[in-house]
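User: Please take a close look at the largest nonpolar core of this protein and at the side-chain pairing around it. I would like a connected account, with the cut-offs stated where each term is used.

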Amino acid sequence: MSEDDPHIHVEVKVVRGEAAVRNMLAATFGLAGDLPSVVATGCGLRVPYAMTSPRPDHVTCLPCREHARSEHLRFADEIERLGRLPGSSVTPAEAPQAAAGHRALAEGFSGPEG
């Protein structure tokens with residue numbers, strides 16, 4: 001971790017980030033755990049959580065932007081596969097919409113840096 005790093009990064013688990021899990025638990029059970037102070041990022045660094053964002057318009061680290069782009073594209077493909085499986089929690093009607101949302105996020109990460 002570098003004190004001199006001015007970039008905003010993405011968590012290595014950008015699609016299934018700590019904050020999203022924390023928000024879901026808080027909304028479901030009314031409980032919220034502490035966020036980690038330092039997290040692993042898509043570029044391989046460990047940075048303060050406050051120096052990360054899941055939003056394409058905020059991320060300035062180019063390797064993290066590429067990592068987030070590839071993770072969202074991979075997850076979009078995974079969602080589409082799940083939508084085709086019998087008994088899946090993602091219905092065939094929901095899968096294309098969810099996949100399109102992740103592809104749109106991936107496109108945001110491939111654009112100009114935030």
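Analyst: A nonpolar core is a set of buried Ala, Val, Leu, Ile, Met, Phe, Trp, Tyr and Cys residues joined through side-chain atoms within 4.5 Å. Buried means under 20% relative accessible area, exposed means over 50%, and partly exposed lies in between, with a 1.4 Å probe and protein chains only. The model is predicted, so local features need pLDDT of at least 70 and side-chain atom pairs count only at pLDDT 80 or more, while totals for chains, interfaces and linings use all residues. Residues are numbered from 1 along each chain as its sequence is written, and side-chain values use heavy atoms, with hydrogens and water left out.

The largest nonpolar core consists of 12 residues: Val 10, Val 14, Val 15, Val 59, Cys 61, Cys 64, Ala 68, Phe 75, Ile 79, Val 90, Ala 95 and Phe 109. Helices α2 and α3 (94-110) are the elements that give two or more residues to this core. The largest share, 4 residues, comes from α2. Helices (H or I, at least four residues) and strands (E, at least two) are DSSP runs, numbered from the N terminus. One core member, Val 90, touches Ile 79, Leu 82, Gly 83 and Ala 95, leaving out residues up to four places away in sequence; contact here means heavy atoms within 4.5 Å.

As background to this core, the protein has 3 helices and 2 strands, arranged from the N terminus as α-β-β-α-α. Of its 114 residues, 29% are buried. Among contacts between residues at least 6 apart in sequence, 65% join residues at least 24 apart. The accessible surface comes to about 7000 Å², and carbon and sulfur atoms account for 58% of that surface; such areas come from the Shrake-Rupley method with a 1.4 Å probe, and for residues only the protein chains shown count as cover.

Ala 106 shows how α3 meets other parts of the chain. Ala 106 is placed in helix α3 and counts as buried, because its relative accessibility is 1%. Beyond its neighbours within four places in sequence, Ala 106 is in contact with Arg 69, His 72 and Leu 73. Its C-alpha atom is separated by 8.8 Å from that of Arg 65, although the two residues are 41 apart along the chain.

Charged side chains also join the two helices. A salt bridge is a side-chain nitrogen of Lys or Arg within 4 Å of a carboxyl oxygen of Asp or Glu, and 6 are counted by this rule. Arg 103 pairs in this way with Asp 77, the closest N and O atoms being 2.7 Å apart. The pair links distant parts of the chain, since Arg 103 lies in helix α3 and Asp 77 in helix α2, 26 residues apart. Arg 103 is partly exposed at 30% relative accessibility, and Asp 77 is partly exposed at 35%. Salt bridges that share partners also join Glu 71, Arg 74 and Glu 78 into one network. The C-alpha atoms of Asp 77 and Ala 100 are 9.8 Å apart, for a sequence separation of 23 residues.

Within helix α2 (residues 62-84), the side chains of Arg 74 and Glu 71 meet in a salt bridge of 3.0 Å, N to O. These two residues are 3 apart in the helix, which means a separation of about one helical turn. Arg 74 is partly exposed at 33%, whereas Glu 71 is buried at 19%. Outside this pair, Arg 55 forms a salt bridge with Asp 57 at 2.8 Å between the closest N and O atoms; Arg 55 has a relative accessible area of 44% and is partly exposed, and Asp 57 is likewise partly exposed at 44%.

Asp 5 offers a contrasting case, in the segment before α1 (18-29). Asp 5 is buried yet has no salt bridge, and the nearest side chain of opposite charge, Arg 46, is 12 Å away; Lys and Arg count as positive and Asp and Glu as negative, while His and the chain ends are not counted. A polar contact of 2.6 Å instead joins the side chains of Asp 5 and His 9. The term denotes a pair of N or O atoms within 3.5 Å; within protein, one must be able to donate a hydrogen and the other to accept it, and residues adjacent in sequence count only if both atoms are side-chain atoms. A polar atom of the Asp 5 side chain also lies 3.1 Å from the backbone nitrogen of His 7. Not counting residues up to four places away in sequence, Asp 5 touches Leu 45, Val 47 and Met 51.
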